[in-house]
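Work through the exercises below with the coordinates open, and try each task before reading its solution.

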Amino acid sequence: ASIHRAIRASTGGLIRELNVETQSDRVVVTGKTSSYYHKQLVTRAVLNNIVSEDTLHNNIQVSNRLPR
């Protein structure tokens, strides 16, 4: 839940259909956005909230067809 909040805060809520799944040693983030910059913000928000041994799978889809 804290990772989800961190992503929302850092992206201004611009990730649509945001889903965060945490498993034993990995975090999988899915959703949609219109900007690679927002995808990078997701990466930074997650990395700031996990331990270094965890693996991040940032599966955010970027499409210029999404409304900003």
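The exercises that follow concern a predicted model, and each task is followed by a stepwise solution.

**Exercise 1. The sheet**

Determine the strand order of the sheet and the sense in which neighbouring strands pair.

Solution. Begin with the pairing of strand 1 and strand 2, the latter covering residues 26-33, which is antiparallel and extends over 6 bridges. These two strands form a hairpin with 2 residues between them. To check the register, take N19, whose bridge partner in strand 2 is T30, and then R16, whose bridge partner in strand 2 is K32.

Next, consider strand 2 and strand 3, which pair in the parallel sense over 8 bridges. Here the register can be followed from G31, which stands opposite I60 in strand 3, and from T33, which stands opposite V62 in strand 3.

Putting the two pairings together gives an open sheet of 3 strands in the order 1-2-3, with mixed pairing. The edges are strand 1 (16-23) and strand 3 (55-62), each of which pairs on one side only. Neighbouring strands of this sheet are turned by 10° against each other on average, with direction ignored.

**Exercise 2. The helices and the crossover**

Find which strands each helix lies across, and state the handedness of the β-α-β crossover.

Solution. Helix 1, residues 2-11, lies across strand 1 and strand 2, and runs at about 145° to strand 1. Helix 2, residues 36-47, lies across strand 2 and strand 3, and runs at about 160° to strand 3.

Now trace the parallel pair, strand 2 and strand 3. Between them the chain passes through helix 2, and this β-α-β crossover is right-handed.

**Exercise 3. The nonpolar core**

List the residues of the largest nonpolar core, and identify the elements that give two or more residues to it.

Solution. The largest nonpolar core has 12 residues, namely I3, A6, I7, I15, L18, V27, V29, V42, A45, V46, I50 and I60. The elements that give two or more residues to this core are helix 1, strand 2 and helix 2.

As a worked case, take the core member L18. Leaving aside neighbours within four places in sequence, L18 is in contact with H4, I7, R8, V29, T30 and G31; of these partners, I7 and V29 are themselves listed in the core.

**Exercise 4. A polar pair between helix 2 and strand 3**

Decide whether N58 and T43 are buried, partly exposed or exposed, and describe the polar contacts of the N58 side chain.

Solution. First place the residues: N58 is in strand 3, whereas T43 is in helix 2.

Second, apply the accessibility cut-offs, under which buried means under 20% relative accessible area and exposed means over 50%. N58 has a relative accessible area of 15% and is therefore buried, while T43, at 26% relative accessibility, counts as partly exposed.

Third, examine the polar atoms. The side chain of N58 makes a polar contact with the side chain of T43 at 2.8 Å, and a polar atom of the N58 side chain lies 3.2 Å from the backbone oxygen of K39.

Finally, set these pairs among the wider contacts, not counting residues up to four places away in sequence. N58 touches V29, K39, V42 and T43, and T43 touches L56 and N58. For a contrasting pair, T43 and D25 are 18 residues apart in sequence and 16 Å apart in space, C-alpha to C-alpha.

Note on methods: Residues numbered from 1 in each chain as written. Predicted model: local features only at pLDDT ≥ 70, side-chain atom pairs only at ≥ 80, totals over all residues. Heavy atoms only, no water. Pairing = 2+ DSSP bridges. Helix = DSSP H or I, 4+ residues; strand = E, 2+ residues; numbered from the N terminus. Axes fitted to C-alpha atoms, helices over the stretch in contact; angles between N-to-C directions. Contact = heavy atoms within 4.5 Å. Buried < 20%, exposed > 50% of the residue type's maximum accessible area, 1.4 Å probe, protein only. Core = buried A, V, L, I, M, F, W, Y, C linked by side-chain atoms within 4.5 Å. Polar contact = N/O pair within 3.5 Å; in protein donor to acceptor, adjacent residues only side chain to side chain. Right-handed = clockwise from strand over helix to strand, strands pointing away.
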